[in-house]
Amino acid sequence: MPTADRAGESGLLEVDGLSVDFATDHGWANVVADVSFHVGQGEIVGLVGESGSGKTVTGLSILGLVPSPPGRLAGGSVRFEGRNLTGMSERQLRDIRGNDIAMIFQEPMTSLNPAFTVGDQISETFRRHRGGSRRAATARAVEVLELVGIPNATKRVEAYPHEFSGGMRQRVMIAMALTCEPKILIADEPTTALDVTIQAQILELLSSMRDTIGMGVLLITHDLGVVAEVCDRVVVMYAGQVVERSPVGPLFDEPRMPYTEGLLLAMPQVGAASGRLASIPGRTPEPWNMPAGCRFHPRCPYTEQKCTERPIPLLAVGDDRHSRCVRTAELELRGVR
Ligand SMILES: Nc1ncnc2c1ncn2[C@@H]1O[C@H](COP(=O)(O)OP(=O)(O)OP(=O)(O)O)[C@@H](O)[C@H]1O
Ligand SMILES: [Mg+2]
């Protein structure tokens, strides 16, 4: 059922009211709470927020990969090309994973099998979804390894995961995800382990695949510099909730949520100008101990009584923009551009 803060016009991928719980010693903890956004064809959407805000769990939920137990889908839906993924069987999902929707995992070794060469693993994915000869699949493996900048790919295709350095392994993962030219790529911190030159190359590659094959990307990152560089729109999460949704330019110019302002002011280049890195004081709440009212209010410099009383809905605040701040109309928040 559409909610008030529904993601808007139809996207290739539509996440609507997604909620995920985890079993903890304190009972069920709600770590993703009524999350809605969409990713259109040829669009790069950034999913940002501090550690523990629920970015990875959101990404995993899309493909039905949240471990259960301890997790459970508590509500909402994920639609891909109009089909409801949350209602699909494991078998139907397997046809979609790696083919229509691919994921680059935050932890590289989770999707590489140490017992097989990277070439075998990439070609297996390719043949499972696309069929064809072994030879053609190996050629595809070499092609995608070259695409992500693995030197000497015709030889390296025969190497095992442990024979690659951390950064190279990360690139192998990216190659694997791109093998079938997915319509949607969920990339969870894809460039975090890479040095800046390689990071720039990978971001360039994702942008060019957006342009050439119209791939939509959900880019999960804590790095707002990366977001500024490649994203079209941004979804900001805090303590399991979407707290701001916006096209990228306006978000950096004029954030509408104090939490976003805090993240922007903590960006290194801004801190460098003042000689010191600003950071948001305090810490994110535990999922079983969420503050009443706005979840950010204990850390927010603009908190008033009304912020503490009842949950704040995501409010429409202008052109394709939403903010979960009850004071947003009264505040003039600082941007960085
Ligand atoms: N398997 C699990 N069992 C129990 N709790 C979990 C599990 N996976 C995640 N969580 C909890 O869910 C919340 C969201 O975690 P998530 O990994 O999505 O955060 P994140 O935004 O990706 O953080 P990071 O930036 O550190 O990657 C956290 O409170 C985390 O402790
Ligand atoms: Mg994560």
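Me: How does the shell around ligand 1 split by class?
Reply: Six nonpolar, eight polar and one charged residues. Nonpolar here covers Ala, Val, Leu, Ile, Met, Phe, Trp, Tyr, Cys and Pro; charged covers Asp, Glu, Lys and Arg; the others, Gly among them, are polar. This is a predicted model: local features need pLDDT of at least 70, side-chain atom pairs count only at pLDDT 80 or more, and totals for chains, interfaces and linings use all residues. Residues are numbered from 1 along each chain as its sequence is written, with chains lettered from A and ligands numbered from 1 in the order in which they are written.

Me: Which residues are closest to ligand 1?
Reply: Val31, Ser51, Lys55, Thr56 and Val57, out of 15 that surround the ligand. The cut-off for being near is a C-beta atom, placed from the backbone, within 6 Å of the molecule or strand.

Me: Which element gives the largest share of that shell?
Reply: Helix 1, residues 55-62, with three residues. Helices (H or I, at least four residues) and strands (E, at least two) are DSSP runs, numbered from the N terminus.

Me: Zooming out, how many helices and strands in the protein?
Reply: 11 helices and 12 strands. The radius of gyration is 20 Å, close to the 20 Å from the globule rule for 337 residues, so the protein is as compact as a globular protein of that length. That radius is taken over C-alpha atoms, and the rule is 2.2 Å times the number of residues to the power 0.38.

Me: What box do the C-alpha atoms fill?
Reply: Roughly 65 × 50 × 40 Å, along the principal axes.

Me: What percentage of the residues count as buried?
Reply: 43% of the 337. Buried means 20 or more other C-beta atoms within 10 Å of the residue's own, exposed means 12 or fewer, and partly exposed is in between; C-beta atoms are placed from the backbone.

Me: Why is helix 10 largely enclosed?
Reply: Seven of its eight residues (258-265) are buried, so the rest of the structure largely encloses helix 10. The buried ones are Pro258, Tyr259, Thr260, Glu261, Gly262, Leu263 and Leu264.

Me: And why strand 10?
Reply: Six of the seven residues in 241-247 are buried, so strand 10 is also largely enclosed by the rest of the structure.

Me: What does strand 9 do with strand 10?
Reply: Strand 9 (residues 233-238) pairs with strand 10 antiparallel, over six bridges. Pairing takes at least two DSSP bridges between the strands. The two form a hairpin with two residues between them, and Ala239 in the turn has a positive phi of about 45°. Val236 has Glu244 in strand 10 as its bridge partner.

Me: What is the bridge partner of Glu244 in strand 12?
Reply: Ser323. Strand 12 (residues 322-323) runs antiparallel to strand 10, joined by two bridges.

Me: Switching sheets: what is the strand order in the open one?
Reply: 2-1-4-5, four strands with antiparallel pairing. Strand 2 (27-39) and strand 5 (83-84) are the edges, each pairing on one side only. Strand 4 (residues 71-80) meets strand 5 over two bridges. Phe80 has Arg83 of strand 5 as its bridge partner.

Me: Last one: is Ala141 buried or exposed?
Reply: Buried, with 29 other C-beta atoms within 10 Å. Ala141 lies in helix 4, residues 134-147.

Me: What is Ala141 in contact with, beyond four places in sequence?
Reply: Gly119, Ile122, Ser123 and Val157. Contact means C-beta atoms, placed from the backbone, within 7 Å.

Terms used. Contact = placed C-beta atoms within 7 Å.
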